[in-house]
Amino acid sequence: MSRADTASDAVAFLRGIAGELAEIHRGSDYSLWRDEAKHRVDQYLSRAEPFSDFATCWVFSGDGGGSLVGGRFGEWAIDRLVEKIAPEDIVALFTNEVSRNAAVYEEVSPVLGIEINEPCELGDGVRLVPPAADIFSAFDYPWRYSWPSMPTGTGFLVQSYKVTPAFEQHPSEANGPAGTSITQPASSARDAIRRRFRLACLLGSSGGVELPMSVILSDRRALLSADGTMSGRPFAAHPLVAFPADLATIKTAFGQLAALTEGDSLPRAIDRLGRSRLAIHPVDRALDLGMAAEIVLMHDLGTSNTEITYKIGSRAAWLLGEGAVERTKIFDEMKHLYKARSDAVHSGVLPPKSKVDLDLADQLVVRVMQAILQRGSFPDWTSLTLGAKADAILYDRQQ
């Protein structure tokens with residue numbers, strides 16, 4: 001093997017490229033130079049150690065996916081020089097990547113419907129990232145993929161996952177990779193996180209929230225990686241505005257939902273709350289909001305139960321109210337909501353004299369859900385509502 005193919009000469013070659021880069025002072029000149037230089041660098045490194053054994057290889061991107069990767073030495077090396085990484089450190093960076101043979105990817109999901117103004121760690125490799133106003137920002141996710149139009153203030157849910165092994169040398173062109181890889185956490189676990197996070201957002205904001213797409217992004221300094229894969233999910237509607245959100249409330253609800261063990265009733269109710277916020281017509285909003293209230297307040301009773309309006313109102317009143325006056329007010333507002341829901345079901349319209357305030361009803365339903373999450377389980381409704389005298393007064397008002 002000639003000296004031109006050794007690792008030390010690869011370092012010397014990169015020093016020459018770094019010298020060329022240092023002489024460029026205009027963006028237009030850099031663009032022209034890069035288009036030519038990347039091919040020159042790729043051709044050289046593809047026959048130099050330690051790069052030559054990896055001119056083409058199979059890269060595992062996780063969850064059974066992967067692709068044949070080659071011809072990226074030029075762009076990768078120039079990007080590292082732009083970052084002002086020394087040539088010898090660039091070679092060491094690649095050597096370490098090969099020795100490690102494990103890749104960390106990020107599944108990035110735009111969070112439509114809420115404003116994310118600051119980073120927030122949710123734990124276990126899950127975090128919230130605000131939108132970046134500067135292409136050189138550490139939170140540069142808006143620039144790393146060509147996203148569709150999104151509401152101003154839209155941030156990202158970022159989930160990290162590890163793929164081992166990250167690549168295979170010399171794959172069979174006919175049969176793809178010879179082996180398999182392990183992904184941790186797997187796509188099913190990441191999807192569950194995404195669904196739980198959406199529910200938490202609905203309790204920490206006043207608008208609808210959807211995460212209809214995700215993109216896989218690799219470590220920018222990793223050469224043997226593959227990213228840019230997008231996956232989409234069906235969703236009810238597209239939130240057109242990002243509402244202010246309480247990140248502390250979202251983080252708390254995210255943890256509380258993880259600890260909840262009593263089936264799907266509360267998650268289903270929160271999902272209906274979200275659907276109600278994206279409804280265009282008040283009738284549809286009343287339907288979904290009424291269903292959310294019924295699911296969360298009547299989860300222990302069958303559909304044959306009578307006096308549903310009374311029970312929904314009294315349960316909400318005793319769960320949230322701190323005195324007779326407040327409990328009476330809550331009872332009345334929940335009664336108005338359930339009446340609107342019934343009108344919408346049976347006639348398809350809300351009567352002009354309907355007393356429901358859908359915004360206030362939304363707030364009450366959220367308070368009910370938060371109260372249950374704080375308890376960690378559904379209350380014993382019978383014990384909760386054994387305030388006999390006040391309960392009787394509320395019942396008389398309902399008749």
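Two strands are taken to pair if DSSP finds at least two bridges between them, and with that in mind I would like to begin with strand β1, residues 56-62, which pairs with β2 in the antiparallel sense over 6 bridges. Please keep in mind throughout that what we are looking at is a predicted model.

Within that pairing, F60 stands opposite G66 in β2. The two strands belong to an open sheet of 3 strands, ordered β2-β1-β7, in which the pairing is antiparallel. Because β2 (65-70) and β7 (167-169) each have a single partner strand, they stand at the edges, and one side of each is left without a neighbour in the sheet. As for the twist, neighbouring strands of this sheet are turned by 25 degrees against each other on average, with direction ignored.

Let me step back to the division of the chain. It falls into domain 1 (7-100), domain 2 (103-232) and domain 3 (260-386), and if we take centres over C-alpha atoms, domain 1 and domain 3 are separated by 59 Å. A residue that comes before the first helix is D5, which is found in the segment ahead of α1 (7-22). Is D5 buried or exposed? At 17% relative accessibility, D5 counts as buried, because the cut-off for that class is under 20%. From D5 to T152 the C-alpha to C-alpha distance is 51 Å, with their positions 147 residues apart in sequence.

Now to the aromatic side chains. The count of aromatic pairs comes to 15, with ring centres required to lie within 6.5 Å. One of them is formed by W76 and F94, whose ring centres are 6.2 Å apart and whose planes meet at 65 degrees, so the pair is edge-to-face. Since W76 lies in helix α3 (residues 73-82) and F94 in helix α4 (residues 87-100), the pair ties together parts that are 18 residues apart in sequence. Both partners have low values of accessibility on the scale used here: W76 counts as buried at 3%, and F94 counts as buried at 0%. The pair is also part of a wider group, for F51, F54, F73, W76, F94 and F167 form one aromatic cluster.

Two arginines deserve a mention alongside the rings. R196 lies over the face of F254, at 4.0 Å from the ring centre, while R327 lies over the face of W318, at 3.9 Å from the ring centre.

I turn next to the nonpolar interior. In soluble globular proteins, nonpolar side chains tend to be buried together. Here the largest nonpolar core has 62 residues, and those with the most contacts inside it are V111, F197, L266, V296, M334, L337 and M369. Which helix gives the most to this core? That is helix α11, residues 358-375, which contributes 10 residues. The core draws at least three residues from each of domain 2 (103-232) and domain 3 (260-386).

A hairpin comes next. Strand β4, residues 120-123, is joined by 3 bridges to strand β5, residues 126-129, and the two run antiparallel; the bridge partner of C120 in β5 is L128. These strands form a hairpin with 2 residues between them, and D124, in the turn, has a positive phi of about 55 degrees.

Finally, some points of backbone geometry that may be worth checking by eye. Where are the cis peptide bonds that I would point to? One runs from E49 to P50, with omega near 0 degrees, and P50 lies in the loop between α2 (27-45) and β1. Another joins T164 and P165, with omega about -10 degrees, and P165 has its place in the loop between β6 (155-164) and β7.

Positive phi values in residues other than glycine also appear in loops. K84, in the loop between α3 and α4, has a phi near 65 degrees, and K84 is exposed, with a relative accessible area of 77%. N101, in the loop between α4 and β3 (103-111), has a phi near 45 degrees, and with a relative accessible area of 21% N101 is partly exposed.

Notes:
Residues numbered from 1 in each chain as written. Predicted model: local features only at pLDDT ≥ 70, side-chain atom pairs only at ≥ 80, totals over all residues. Heavy atoms only, no water. Helix = DSSP H or I, 4+ residues; strand = E, 2+ residues; numbered from the N terminus. Axes fitted to C-alpha atoms, helices over the stretch in contact; angles between N-to-C directions. Phe/Tyr/Trp six-rings, centres within 6.5 Å; stacked < 30°, edge-to-face > 60°. Buried < 20%, exposed > 50% of the residue type's maximum accessible area, 1.4 Å probe, protein only. Lys NZ or Arg CZ within 6 Å of the ring centre and 35° of its normal. Core = buried A, V, L, I, M, F, W, Y, C linked by side-chain atoms within 4.5 Å. Domains from an automatic or database assignment.
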